[in-house]
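Reader: I've got this one open on my screen and I'd like a close look at a single part. Please pick one hairpin and walk me through what sits around it.

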Amino acid sequence: MAVAKIIEITARSDESFEEAIQQGIDKASETVHNIKGAWVKEQKVLVADGKVSGYQVDLKVSFVLD
């Protein structure tokens with residue numbers, strides 16, 4: 001039997017939503033083990049001087065407890 005937990009994280013990138021997602025998963029993987037999946041709860045662009053300056057994602061990350 002497996003028991004999973006879900007955490008929420010926010011990640012940003014100057015390049016794209018995909019990069020923000022990857023950076024979020026990479027960082028979470030440093031301290032959270034057994035990550036099995038994630039879903040994007042929300043996407044947001046950051047704007048400076050009328051131009052997109054960044055991409056932000058809110059992720060729900062699921063992992064199996066030891």
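Author: Here's the hairpin, with the whole chain as a backdrop. Keep in mind that this is a predicted model, where local features need pLDDT of at least 70 and side-chain atom pairs count only at pLDDT 80 or more, while totals for chains, interfaces and linings use all residues. Residues are numbered from 1 along each chain as its sequence is written, and side-chain values use heavy atoms, with hydrogens and water left out.

The backdrop first: there's 1 helix and 3 strands, in the order β-α-β-β from the N terminus. These are DSSP runs numbered from the N terminus, with helices (H or I) of at least four residues and strands (E) of at least two. The C-alpha atoms take up a box of roughly 50 × 20 × 15 Å along the principal axes. Of the 66 residues, 26% count as buried, meaning under 20% relative accessible area with a 1.4 Å probe and protein chains only, while exposed means over 50% and partly exposed is in between.

Now the hairpin itself. Strand β2 covers residues 35–48 and strand β3 covers 51–64; the two run antiparallel, joined by 12 bridges (DSSP has to find at least two bridges for strands to pair). There are 2 residues between the strands, and D49 has a positive phi near 55 degrees.

Away from that turn, look at S62, which belongs to β3. G37 is its bridge partner. Is S62 buried or exposed? S62 counts as buried because its relative accessibility is 16%. If you skip neighbours within four places in sequence, S62 touches K5, I6, N34, I35, K36 and G37, where contact means heavy atoms within 4.5 Å. K5 and I6 on that list fall within β1 (4–13).

Which residues of β3 does D14 contact? Again leaving out neighbours within four places, D14 is in contact with S53, G54 and Y55, and those positions fall within β3. D14 itself sits in the loop between β1 (4–13) and α1 (17–29). D14 is exposed because its relative accessible area is 62%. And here's a nice one to check on screen: D14 and A2 are 12 residues apart in sequence, yet 37 Å apart from C-alpha to C-alpha.

Back to the full chain, residues 24 or more positions apart make up 64% of the contacts with a separation of 6 or more.
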